[in-house]
Amino acid sequence: MKKKECPSCAMNVDESSKECPICGYGFVEATPWIKYMAIFLIILFLLTYFVL
Ligand SMILES: [Zn+2]
């Protein structure tokens, strides 16, 4: 079983676990659409900045 390190308590926990069993830290994967939205907003900002 693959392990990953908890960024909160530095314990090795299961790769598949959604939260750390020791400290309860939630391994929330950044949802892709937020990244795309951020990139889109940056592009939109740059476009309006250069146009105006
Ligand atoms: Zn932890």
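Let's start with the helix, α1: it is hardly covered, and the count of buried residues among its 20 residues is zero. Keep in mind that this is a predicted model. The helix runs over residues 32–51, and its length can be checked with a little arithmetic. At 1.5 Å a residue, α1 should span 28 Å, and its end C-alpha atoms are 29 Å apart, which agrees.

One residue to pick out here is M37, which has its place in helix α1. Is M37 buried or exposed? A residue counts as exposed if 12 or fewer other C-beta atoms lie within 10 Å of its own. M37 has 11 C-beta neighbours inside 10 Å, so it counts as exposed. To get a feel for distances, follow the chain from M37 to L52: the two are 15 residues apart in sequence, and their C-alpha atoms are 22 Å apart in space. On helices in general, there are 3.6 residues a turn in an α-helix, so residues three or four places apart point the same way.

Now step back to the whole chain. It has one helix and two strands, and reading along the sequence gives the pattern β-β-α. The radius of gyration is 18 Å, well over the 10 Å that the globule rule gives for 52 residues, so the chain is more spread out than a compact globule. You can see that in the C-alpha trace too, which spans about 50 × 20 × 15 Å along its principal axes. As for burial, just 2% of the 52 residues are buried. And what about contacts between residues at least 6 apart in sequence? Of these, 0% join residues at least 24 apart.

Next, head over to the strands. Between β1 (3–5) and β2 (12–14) there is a loop, and A10 lies in it. What is the phi of A10, which is not a glycine? It is positive, at about 65 degrees. A10 is also exposed, because it has 10 other C-beta atoms within 10 Å, and the cut-off for exposed is 12 or fewer.

Further along, S16 lies in the loop between β2 and α1. With 9 C-beta neighbours inside 10 Å, S16 counts as exposed as well. How far apart in space are S16 and K4, C-alpha to C-alpha? They are twelve residues apart in sequence, and the distance in space is 8.9 Å.

Note on methods
Residues numbered from 1 in each chain as written. Predicted model: local features only at pLDDT ≥ 70, side-chain atom pairs only at ≥ 80, totals over all residues. Helix = DSSP H or I, 4+ residues; strand = E, 2+ residues; numbered from the N terminus. Rg over C-alpha atoms; globule rule 2.2 N^0.38 Å. Contact = placed C-beta atoms within 7 Å. Expected span 1.5 Å × (residues − 1).
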